[in-house]
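Trainee: Got a minute? I'd like to go through this model with you.
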Amino acid sequence: MRSLRLAPELDDLVRRAADREGASVSEFLRRAASERAARTLGERPSDRLADLLGAVRSGGGSARRTGDAFAETLEERRRR
């Protein structure tokens, strides 16, 4: 458990920001500390999503064909 003192101006900013996000001041400060620690320690966004990445399977393959579809569309427009 940590405790901290904020200057009155910063305390007011934190309270207003937490209110705008619909969070308690404690939750707002926990998230802010977590984000700052991750940034300082060099955590990549993909590290935070590691348990989700690769968890969904799809039929796939459509991205490979987007270039062909785009070329066909351009060719069609050129013929008109």
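Mentor: Let's take the fold, then confidence, then the surface. It is a predicted model: local features need pLDDT of at least 70, side-chain atom pairs count only at pLDDT 80 or more, and totals for chains, interfaces and linings use all residues. Residues are numbered from 1 along each chain as its sequence is written, and side-chain values use heavy atoms, with hydrogens and water left out.

Trainee: What secondary structure does the protein chain have?
Mentor: Four helices and zero strands. Both are DSSP runs numbered from the N terminus: helices are H or I, at least four residues, and strands are E, at least two.

Trainee: Why does the span of α1 agree with what's expected?
Mentor: Helix α1 has 14 residues, 8–21, so at 1.5 Å a residue it should span 20 Å, and its end C-alpha atoms are 20 Å apart. The expected span is 1.5 Å times one less than the number of residues.

Trainee: What follows α1?
Mentor: G22, with a positive phi near 75°.

Trainee: Which elements have the lowest and highest mean pLDDT?
Mentor: α3 is lowest at 74, and α1 highest at 97. pLDDT is the predictor's confidence in each residue, from 0 to 100. The chain mean is 85, with 88% of residues at 70 or more.

Trainee: New topic. Is L52 buried or exposed?
Mentor: Exposed, because its relative accessibility is 52%. Buried means under 20% relative accessible area, exposed over 50%, and partly exposed in between, with a 1.4 Å probe and protein chains only.

Trainee: And where is L52 found?
Mentor: In the loop between α3 (45–48) and α4 (66–79).

Trainee: How much of the protein chain is buried?
Mentor: Buried residues make up 8% of the 80.
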